[in-house]
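The following account explains how the parts of this protein chain are arranged. It begins with a single residue and moves outward to the strands, the core and the charged side chains.

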Amino acid sequence: MPDDSERQVNVGDLAYDTRRGRLGVVMDLVTGTGAGHCCLRPPRGGIEWNASYADVRPATVADQLRPALTEVNARSRGVQLWG
């Protein structure tokens with residue numbers, strides 16, 4: 001795992017899991033043997049998931065807007081995504 005000067009994300013940052021295509025808030029950075037991983041939680045709350053540190057990067061503006069745009073598009077088609 002990179003040292004603190006090379007770290008791309010920190011606890012509390014909004015990050016994008018490139019492997020799963022999901023946006024999340026970094027809840028914990030787990031280090032030790034191996035490459036390490038991050039614990040992420042959806043921005044609106046929910047169940048945490050683990051992602052390899054190599055698969056996580058800081059979220060871009062496009063990453064942050066994508067879920068809202070998906071929801072608006074679904075509503076325009078009469079589909080309810082949440083709840």
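**From one strand residue to the whole fold**

M27 lies in strand β2, which covers residues 22-30. The model discussed here is predicted. With a relative accessible area of 33%, M27 is partly exposed, because that value falls between the 20% limit for buried residues and the 50% limit for exposed ones. Not counting residues up to four places away in sequence, M27 touches V11, C39, L40, R41 and E48. One of these contacts, C39, is twelve residues away from M27 along the chain, yet the C-alpha atoms of the two residues are separated by 5.4 Å.

The pairing of the strands provides the setting for this approach. β2 and β3 run antiparallel and are joined by five bridges. Within this pairing, D28 of β2 has C39 in β3 as its bridge partner. β3 in turn runs antiparallel to β4, with four bridges between them; here the bridge partner of L40 is W49 in β4.

On its other pairing, β2 meets strand β1 (residues 14-17) in the antiparallel sense over four bridges. D17 and R22 are bridge partners in this pair. The hairpin of β1 and β2 has four residues between the strands, and in it G21 takes a positive phi near 70°. β1 also pairs with strand β5 (residues 56-58), again in the antiparallel sense, over three bridges. In that pairing A15 stands opposite P58 in β5.

These elements can now be placed in the chain as a whole. The protein chain contains one helix and five strands, and along the sequence they follow the pattern β-β-β-β-β-α. Among contacts between residues at least 6 apart in sequence, 40% join residues at least 24 apart. Of the 83 residues of the chain, 25% count as buried.

Which residues make up the largest nonpolar core? This core has ten residues: V9, A15, V26, L29, C38, L40, W49, A51, Y53 and V56. Strands β2, β3 (37-41) and β4 (49-52) each supply at least two residues of this core. Such a grouping can be set beside a general tendency: in soluble globular proteins, nonpolar side chains tend to be buried together.

W49 deserves separate attention as a member of this core. Leaving aside residues up to four places away in sequence, W49 touches D17, R20, R22, L23, G24, C38, C39, L40, R41 and P42. Among these contacts, R22 lies over the face of W49, at 3.8 Å from the ring centre. R22 is also the residue that partners D17 in the bridge between β1 and β2. As for pairs between aromatic rings, a search of the whole structure finds zero.

The charged side chains form a further layer of the description. A search of the whole structure finds four salt bridges. One of them joins the side chains of E48 and R41, with an N to O distance of 2.9 Å. Both partners are also contacts of M27. E48 counts as partly exposed because its relative accessibility is 34%, and R41 is likewise partly exposed, at 29%.

Two further salt bridges involve D63. D63 forms one with R57, where the closest N and O atoms are 2.6 Å apart. In the other, the side chains of R66 and D63 meet at 3.2 Å, N to O. Why are R66 and D63 separated by about one helical turn? The reason is that the two are three residues apart in helix α1, which covers residues 61-76. Salt bridges that share partners join R57, D63 and R66 into one network.

Is D63, within this network, buried or exposed? D63 counts as buried, because its relative accessibility is 3%, under the 20% limit. The two arginines are partly exposed: R57 has a relative accessibility of 26%, and R66 has a relative accessible area of 41%.

Technical notes
Residues are numbered from 1 along each chain as its sequence is written. This is a predicted model: local features need pLDDT of at least 70, side-chain atom pairs count only at pLDDT 80 or more; totals for chains, interfaces and linings use all residues. Side-chain values use heavy atoms; hydrogens and water are left out. Buried means under 20% relative accessible area, exposed over 50%, partly exposed in between (1.4 Å probe, protein chains only). Contact means heavy atoms within 4.5 Å. A nonpolar core is a set of buried Ala, Val, Leu, Ile, Met, Phe, Trp, Tyr and Cys residues joined through side-chain atoms within 4.5 Å. Rings of Phe, Tyr and Trp (its six-membered ring) pair if their centres lie within 6.5 Å; planes under 30 degrees apart count as stacked, over 60 as edge-to-face and the rest as tilted. A charge sits over a ring if NZ of Lys or CZ of Arg is within 6 Å of the ring centre and within 35 degrees of the ring normal. Two strands pair if DSSP finds at least two bridges between them.
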